[in-house]
Amino acid sequence: MSVPLELYQILAGVLFCIGVMGVLIRRNILIIFMCVELMLNAANISLVAFGRALGSPDGQVLVFFVLAVAAAEVSVGLAIIIDLFRKRSTVDINEVSLLRG
């Protein structure tokens, strides 16, 4: 039983919208960070779905590159968040915005 491309795109769109709303509404840096990762995963679902529909492995290859960049982003981002938490004892985005010079 094959799942149509439209359902994958609807799923990717819903996940991306949830991620965007999380970035816009939430004030916790960790939640915002997870929502950005959710948006990346929505793009990955879309790439794999189009690759499968077109019969080309290009989408899957591109997903591996996106995942590698996302892994590097996670390591750097979490290090920054941990450092901010150690210095400010909070992960509230409003408190972090006070660090601007």
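**Exercise 1. Which residues of α2 are buried?**

Solution. This is a predicted model.
- Step 1. Locate the helix: α2 covers residues 29-54.
- Step 2. Apply the cut-off: buried means under 20% relative accessible area.
- Step 3. List the residues that pass: I29, I32, F33, C35, E37, M39, A42, N44, S46, A49 and G51.
- Step 4. Find their partners. The buried residues of α2 pack against α1, α3 and α4 (93-96).

**Exercise 2. Compare the expected and actual spans of α1 and α2.**

Solution.
- Step 1. Take α1, residues 5-25. With 21 residues at 1.5 Å a residue, α1 should span 30 Å.
- Step 2. Check the ends. The end C-alpha atoms of α1 are 30 Å apart, which agrees.
- Step 3. Repeat for α2. Its 26 residues reach 38 Å from the first C-alpha to the last, close to the expected 38 Å.

**Exercise 3. Describe the buried and exposed sides of α1.**

Solution.
- Step 1. Pick out the buried residues of α1: A12, G19 and G22.
- Step 2. Look down the axis. The buried residues of α1 fall within an arc of 90°, so they line one face of the helix.
- Step 3. Recall the geometry. An α-helix has 3.6 residues a turn, so residues three or four places apart point the same way.
- Step 4. Turn to the face directed away from the buried side. That face of α1 carries the exposed residues E6, I10, L24 and I25.
- Step 5. Ask what lies over the buried residues. The cover of α1 includes α2.

**Exercise 4. Place N44 in its surroundings.**

Solution.
- Step 1. Find the helix: N44 belongs to α2.
- Step 2. Test for burial. N44 has a relative accessible area of 7%, so N44 is buried.
- Step 3. Skip residues up to four places away in sequence. N44 then touches V63, V66 and L67.

**Exercise 5. Which residues make up the largest nonpolar core?**

Solution.
- Step 1. Start from a general tendency. In soluble globular proteins, nonpolar side chains tend to be buried together.
- Step 2. Name the members. The largest nonpolar core has six residues: I29, F33, I81, L84, V91 and V96.
- Step 3. Assign helices. α2 and α3 (58-88) each supply at least two residues of this core.
- Step 4. Follow one member. Neighbours within four places in sequence aside, I29 is in contact with I81, L84, V91, I93 and V96.

**Exercise 6. Why do C17 and C35 form no disulfide?**

Solution.
- Step 1. Recall the bond. A disulfide is a covalent bond between the sulfur atoms of two cysteines.
- Step 2. Search the whole structure: zero disulfides turn up.
- Step 3. Check C17. The nearest cysteine sulfur to C17 is that of C35, 12 Å away.
- Step 4. Apply the cut-off, within 2.5 Å. The 12 Å between the sulfurs of C35 and C17 is too far for a bond.
- Step 5. Add the settings. C17 is partly exposed, with a relative accessible area of 48%. C35 counts as buried at 11%.

**Exercise 7. Find the salt bridge and describe its two residues.**

Solution.
- Step 1. Count: the structure holds one salt bridge.
- Step 2. Name the pair. The side chains of D83 and K87 meet at 3.9 Å, N to O.
- Step 3. Test the distance. The cut-off is within 4 Å, and the pair qualifies as a salt bridge.
- Step 4. Place both residues. D83 and K87 lie in α3, four residues apart, about one turn of the helix.
- Step 5. Judge exposure. D83 is partly exposed at 37% relative accessibility, while K87 is exposed at 64%.

Methods:
Residues numbered from 1 in each chain as written. Predicted model: local features only at pLDDT ≥ 70, side-chain atom pairs only at ≥ 80, totals over all residues. Heavy atoms only, no water. Buried < 20%, exposed > 50% of the residue type's maximum accessible area, 1.4 Å probe, protein only. Expected span 1.5 Å × (residues − 1). Arc of directions from axis to C-beta. Contact = heavy atoms within 4.5 Å. Core = buried A, V, L, I, M, F, W, Y, C linked by side-chain atoms within 4.5 Å.
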